[in-house]
Every structure is written in structure tokens, then in C-alpha cells.
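Me: I have a structure with a ligand open in front of me, and I am new to this. Could you help me read it?

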Amino acid sequence: MTTRIIATGASVPEQIITNDDIAKVVETSDEWITQRTGIKQRHISAGENTSHFAIETAKKLIERANVNPEDIELIIVASVTPDYGTPSLGCMVQKAIGASKAVAFDITAACSGFMFALSVADKYIQTGVYSNAIVIGAETLSKIVDWSDRTTCVLFGDGAGGAYVEKSEKEGIIKEEIGSKGEIYEILTQGYTPCANAFNDNESGVDPLWYVNMNGREVFKFATKSVVKSIDRVMENAGVTQEDIKYIVPHQANIRIVDVISNKLKIPKEKFYMNMDRFGNTSSASVPMALNELNEKGLIERGDKIILTGFGGGMTWGTMLITW
Ligand code: COA
């Protein structure tokens, strides 16, 4: 018995912001951004919040999997940019699609969020607690980047992606691992809220650490090391080689990170599915958005083996080998 992806879906804002558009806001250029990141444009919210994209994705999943919302048992949304501290995006999705019998919650593992959420859903299904789940990664990163900081604002985009998964007798998720390295959490942070109250001297207001703060070079090093090791381990534990793998769907952070991973693992770059040129880094939405595109384009067939892999703040990583 496995957990199998039955349907995928995604939703992005209509508004497209090109590198030239960003060059009007901060001192940068299309050439710099393209060479250093591979990103040409990103979709940026014109006011819709994260729940909008999560809900649109969930509606697509319900329709494509042809399931009754009343039969959905579990909803997990991964996000670092929820609309509220509470309620969770999961509960907002539950209401919007009418999944009244589901249990719904959010998890946070930054850009590895979808991998963590899918791993959790898989465990609930493997242990027989639930038999199906909607798993979504959704972000409006545009609301948490400092639009005066050229070292970060050029990297990110908004959107959501997800999968409807079910208990199945056919092959689905074969092997997976998720991991954390909290000791280096300071190299990538966002959303710091100082402890200000009526009984201490701390000032309230937006702390500069509210915005994305990143040591780009350290994150680059962490990403390449952790993902290479993780893919290697998962393939070895599953007894498969790169010849068995049709596609690797990596977190869409930076084309140069993928270049390094491809070189170190000696896996041809053509096997890495990339769409960061059009969407930028959408954090927890990036892997499911890319997977959905791969699926919509008909580039994968049932029975193909693919690897999903992500890394992000925490620091965290997650890799999954699945039979499509
Ligand atoms: N436009 C133009 N110049 C820029 C710039 C921009 N948007 N951002 C930075 N620069 C400048 C810097 O100020 C620096 O100038 P200096 O040499 O005069 O000091 C120069 O470009 C090089 O900066 P550096 O930070 O060393 O560039 P880099 O090659 O490391 O690339 C990143 C920066 C962020 C693209 C790269 O480190 C990276 O991709 N890291 C991983 C980030 C990531 O994936 N984060 C998401 C994790 S989920």
C-alpha cells in the first residue's frame, strides 16, 4: 500500500513582473538577475492574499481528481506567508471548498514546506488514519520581501501548487526523507516579531528582521550540499540509479544551484525540470507548481519514476522518490 498522487494543480497571480520592471524599483539589471539566478520574470499578487491561490489550487485538485469535497479527510497547507496567524490556511481552504469532514492545518518548513507536508500526509495515510489528503504549498512572498533590498527582492514570486493524494495498491511514494539543520537557522530568516508588551521596554512596530534576511552564499552552499546528499541517499535506499529516473523536480530557487547539483550527481541537466525563469522562487509552492506543469504538459506517464526535492529556511530539506 502506498500514497499516490492522483491529481496536481496550481494557481498564480495574473500580474507578471519582469526583471526590467524590478530594475525600475532597485538598482539591478535583467543581465545580472538572469546570469546569477536564471530568473526572467515572476508573478506578483495585485492584492490577492495567499488563501486565494491556495483555494484556487484546491478547487482544481477537487475537479481534476473528481472527488466530492465531503470525502476529503485531510488538508495540509505549507506556507511562510499565511493570511493570518490564525486561522490556518488549511481551515480557510476547508471552508472555501466545503470539505466539512476534513481535518485541516498548516505547517512551516519554508521552501521545503511542500516536501514536509507531503511527508506528513503520507504518514497519516500509511498508518491508516486517513485515506486521502489535499496537500498545498502557497505563498505571497511579495508581501514579505524588502522591495528596497536588491539582494533578495529579485528572487521571489507568488503562487500556489498542490496535489491530491490517496491510499493506493499501486506504486506511489517509494522512498523519502526530510531533514533539518537548525544550528544554521540564522542564514535565512523572515517574520521576526519582537516581544513587545505593556510590561517591558521593547518598542512595537515592524522590525527590520520582519523581511527576508539571507546570507545568499551560505544558503547556496547549504542547498547544494544538502540536496546532493539527500538525492543520493534516497536513490541508494530505494536501489535505483539515475538511469531509472525520468525527471527531478527541484525547488526553483536558482539555476546555478541546479547546475552544481547536476554536476555533482552526474545527472544530466535535461532531467531537472525547471520553470524558475517564469515564476522565480515561490518557496513552498515551487515544487508542486513545477510538478503540476510537468504533468499538464504530459511530460510524465504513469509508471515513470521522478524525484521531488526541496531545501529552505530552518535550514531544512526534503526529497521524495515517487512512481508517477
Ligand atoms: N543586482 C545587481 N547587483 C547585485 C544584486 C542585484 N539584484 N544583488 C547583489 N548584487 C551585487 C552585490 O552587491 C555584490 O556587489 P559587490 O561585489 O560590489 O559587493 C555583487 O552583486 C555580488 O554579490 P553576491 O551576493 O556575492 O552574489 P552571488 O553570486 O552570491 O549571487 C545570490 C547572489 C543571492 C543570487 C546567490 O548567492 C544565491 O542564489 N544564493 C542562494 C539563494 C537562495 O536560493 N535562496 C533561497 C533559498 S530557499
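Here we talk through the ligand site and then a few backbone features.

Reply: Gladly! This is a predicted model, so local features need pLDDT of at least 70 and side-chain atom pairs count only at pLDDT 80 or more, while totals for chains, interfaces and linings use all residues. Residues are numbered from 1 along each chain as its sequence is written, and side-chain values use heavy atoms, with hydrogens and water left out.

Me: How many residues surround the ligand, and which are the closest?

Reply: A residue is near a molecule if one of its heavy atoms lies within 4 Å of it. Here 23 residues surround the ligand, and the closest are Thr28, Arg36, Arg150, Arg217 and Asn254.

Me: What kinds of residues make up that shell?

Reply: Ala, Val, Leu, Ile, Met, Phe, Trp, Tyr, Cys and Pro count as nonpolar, Asp, Glu, Lys and Arg as charged, and the others, Gly among them, as polar. On that basis the shell around the ligand has 10 nonpolar, 8 polar and 5 charged residues.

Me: Which polar atoms lie opposite the nitrogen atoms of the ligand?

Reply: A polar contact is a pair of N or O atoms within 3.5 Å. A polar backbone atom of Arg150 is 2.8 Å from a ligand nitrogen, and a polar side-chain atom of Trp32 lies 3.4 Å from a ligand nitrogen. On the oxygen side, an N or O atom in the side chain of Arg256 is 3.3 Å from an oxygen atom of the ligand.

Me: How much of the ligand's accessible area does the protein cover?

Reply: Accessible areas come from the Shrake-Rupley method with a 1.4 Å probe. On its own the ligand has 960 Å² of accessible area, and the protein covers 74% of that.

Me: Which element gives the largest share of the shell?

Reply: Helices (H or I, at least four residues) and strands (E, at least two) are DSSP runs, numbered from the N terminus. The largest share, 4 residues, comes from α7.

Me: What is unusual to look for in the backbone?

Reply: Most residues other than glycine have a negative phi, and most peptide bonds are trans. In this model, a cis peptide bond joins Thr86 and Pro87, with omega about 10°; Pro87 is in the loop between β4 (74-78) and α4 (89-97). Another cis bond joins Gly314 and Met315, with omega about -5°, and Met315 is in the loop between β12 and β13 (316-323). Finally, Ala110 has a positive phi of about 50° although it is not a glycine.

Key:
Polar contact = N/O pair within 3.5 Å; in protein donor to acceptor, adjacent residues only side chain to side chain.
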